[in-house]
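Reader: Please put the model up. I have some questions about strands, charges and confidence.

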Amino acid sequence: VVFLVCCQIPLYGIRPSDHADPLYWIRVVLASNRGTLMELGISPIVTSGLILQLMAGTKQIAVNVEDPHERQLYACAQKLLGLFITFAEAVLYVFSGMYGDWRTLGLGNCILIIIQLFMAGLIVLLLDEVLQKGYGMGSGISLFIATNICENIVWRAFSPTTINLGGGPEFEGAIIAFFYLLITRNNKFSALREAFYRKNLPNLTNLMATIIVFLVVIYVQGFRVDLPLKHVKARGQSNQTYPIKLFYTSNIPVILQTALVSNLYFFSQLLHRRYSKNFFVRLFGDWRTNAHGQYVPVGGLAYFVSPPRSMQEVVTDPVHSIFYVLFILISCALFSVIWIEISGGSPRDVARQLEKQGLVIKGYREQSVVKILYRYIPTAAALGGMCIGALSIFADFMGAIGSGTGILLAVSIIFQYFETYSREQKTDAGTLSFDTDLGLF
C-alpha cells in the first residue's frame with residue numbers, strides 16, 4: 001500500500017514537461033512512475049545488488065555466505081551502496097534536465113526535489129529490509145515489480161478515465177468501455193467490434209491475450225527434471241531430489257536483456273537529439289515522435305531490436321521481425337548461461353553444495369556428480385532462457401496489456417511466492433523440502 005501511494009504522489013517543485021520520457025522502456029522493470037515519489041523505483045537497490053553480486057561472482061570480493069557476520073556485512077554494504085546510488089541518481093535526474101532546466105527551477109526547488117527522491121529511495125530500502133527480516137514472504141524488489149505490473153493491468157482493464165482521441169470521449173478501461181459501448185450504441189455488432197479491436201486504447205483482445213499468456217507461462221513453469229539424491233553415509237531410501245527447472249535462472253535473462261536494450265534506447269535517444277544528422281548516430285538509432293508523444297525507433301540498430309508494433313508491420317517488414325526474434329532468443333540464452341556462472345548456480349557450485357550436505361546423485365559416485373550436472377544445468381539454462389525470450393515475443397505479438405517482459409516478470413514472481421508458501425507449508429507439516437533459490441530477487 002505504501003508503495004502504491006508513493007507511485008501516485010507527484011513530486012513537489014517540478015514543472016510539467018511535454019518531452020518524451022527517455023526511460024519509458026525500462027520503467028516496467030524498475031517499478032517506477034514518472035513525476036512521482038517513485039521516479040527512481042527500485043533502480044538503486046537493483047543496481048547495488050547487481051554490482052555486488054557481479055563482484056562476488058567474479059571473485060573481486062570474497063564473501064562467505066555461511067558466516068553470519070560476513071553475510072550481515074554484505075547486506076550492509078548493499079544498503080549503503082544503494083543509498084549512495086539513490087543520491088547520485090537524484091542529482092543526475094535534476095541537473096540533466098529531466099524536470100526542466102535547473103536554472104529555471106531554481107536552486108531551492110532542485111534541492112527540494114533531490115531530498116524527496118532520496119527519502120523515497122530510503123523508504124524503498126526500508127520496506128525491502130522489513131520483508132528480508134522475515135515480516136513477510138519474498139523480497140521487496142519482487143513485490144514492487146509484481147505490484148506495479150499488476151496495477152497497470154488492472155487499471156487498463158477497469159480504468160474509468162475518459163480520453164478523447166478525436167472520435168469523442170472514450171473510457172480507457174477495456175471492460176468499462178465494453179459495457180459502455182453495449183449500453184449506448186444501437187448497433188450492437190459495431191459496439192462489440194470496437195470493444196474488441198479499438199486502436200490506441202486497451203481492448204478486450206488485449207485483455208484476453210494477457211490472460212492466455214498468464215496461463216501459458218504458469219503451465220511452462222512446471223517443467224523440470226528431478227535428480228534423485230542419497231546420503232553418502234546414511235543407508236536406506238531417501239526421498240530427496242534436486243529439481244532442475246526449465247526456468248533455471250528464473251526471470252533474470254529477460255531482466256538483463258531488457259536492461260541492455262533500454263540502455264541502448266536511452267543513449268541512442270540522447271545522441272539522436274544532439275546529432276540527428278550524423279550518419280553513425282542514425283545507424284545507432286533513428287527516432288521519431290508518435291501520436292502519444294513518445295519517441296519510437298524508426299531506423300538503425302534500435303529499430304531492429306524493438307518489437308514490431310502490429311501484425312501488419314510483421315508482414316510488411318519481415319527482416320525486422322526475424323532479426324528481433326533471433327536477437328531475443330540468442331541474447332536471453334547467452335545471459336542465462338552467463339548468469340549461472342557468476343551467481344553460484346553453475347554445476348561445480350551445485351556439486352560443492354551437495355558435497356557439503358553429504359549428498360550425491362543416486363546411482364553415481366561422488367566424482368561423477370559434476371559431470372552429471374553438466375549434462376542438465378547448462379542445457380536447462382540455455383533452453384530456459386530461449387523459452388523465456390520466446391514467451392516474451394509471444395506476448396508482444398499477441399498484443400498483451402503492458403509488455404511481454406512485464407507479464408513474464410509478474411507471473412514468475414507470483415509463481416515464486418506460491419512456491420515459497422507451499423515450501424513453508426511442507427516444512428510446517430514436518431516434511432523435508434529440498435530446493436534452490438537462484439537469482440537476484
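Reader: How many residues of strand E4 are buried?
Author: This is a predicted model, in which local features need pLDDT of at least 70, side-chain atom pairs count only at pLDDT 80 or more, and totals for chains, interfaces and linings use all residues. Residues are numbered from 1 along each chain as its sequence is written, and side-chain values use heavy atoms, with hydrogens and water left out. Strand E4 spans residues 241-245 and is mostly covered (strands are DSSP runs of E, at least two residues; helices are runs of H or I, at least four; both are numbered from the N terminus). Buried means under 20% relative accessible area, exposed over 50%, partly exposed in between, with a 1.4 Å probe and protein chains only; the count for E4 is 4 of its 5 residues.

Reader: In which sense do E3 and E4 pair, and which residue of E4 does Asp226 stand opposite?
Author: Two strands pair if DSSP finds at least two bridges between them. E3 covers residues 224-231, and 5 bridges link E3 to E4. The sense is antiparallel. Opposite Asp226 stands Pro243.

Reader: Where is confidence highest in the protein chain?
Author: pLDDT is the predictor's confidence in each residue, from 0 to 100. The chain averages 80, and 91% of the residues score at least 70. The lowest mean, 74, belongs to helix H2, residues 27-30. The highest, 89, belongs to residues 174-184, helix H8.

Reader: Which side chain of opposite charge is nearest to Glu172?
Author: Glu172 sits in the loop between strand E2 and H8. Lys and Arg count as positive and Asp and Glu as negative; His and the chain ends are not counted. Glu172 is buried and has no salt bridge (a side-chain nitrogen of Lys or Arg within 4 Å of a carboxyl oxygen of Asp or Glu). The nearest opposite charge is 5.3 Å away, on Arg156.

Reader: Which side chain makes a polar contact with that of Glu172?
Author: A polar contact is a pair of N or O atoms within 3.5 Å; within protein, one must be able to donate a hydrogen and the other to accept it, and residues adjacent in sequence count only if both atoms are side-chain atoms. Glu172 also touches residues including Ser159, Thr161 and Leu201 (contact means heavy atoms within 4.5 Å). The polar partner, at 3.3 Å, is Trp155.

Reader: Which helices does the pair Glu129 and Lys79 tie together?
Author: The whole structure holds 7 salt bridges. In one of them, the closest N and O atoms of Glu129 and Lys79 are 3.2 Å apart. Glu129 lies in one helix and Lys79 in another, so the bridge ties parts 50 residues apart in sequence: H6 and H4.

Reader: Is Lys79 buried or exposed?
Author: Its partner Glu129 has 24% relative accessibility, so Glu129 counts as partly exposed. Lys79 has 14%, so Lys79 counts as buried.

Reader: Which residues form the salt-bridge network with Asp286?
Author: Asp286 is buried because its relative accessible area is 9%. Arg288 counts as partly exposed at 39%. Their side chains meet in a salt bridge of 2.8 Å, N to O. The network links Asp286 with Arg282 and Arg288.

Key:
Lists of a residue's contacts leave out its neighbours within four places in sequence.
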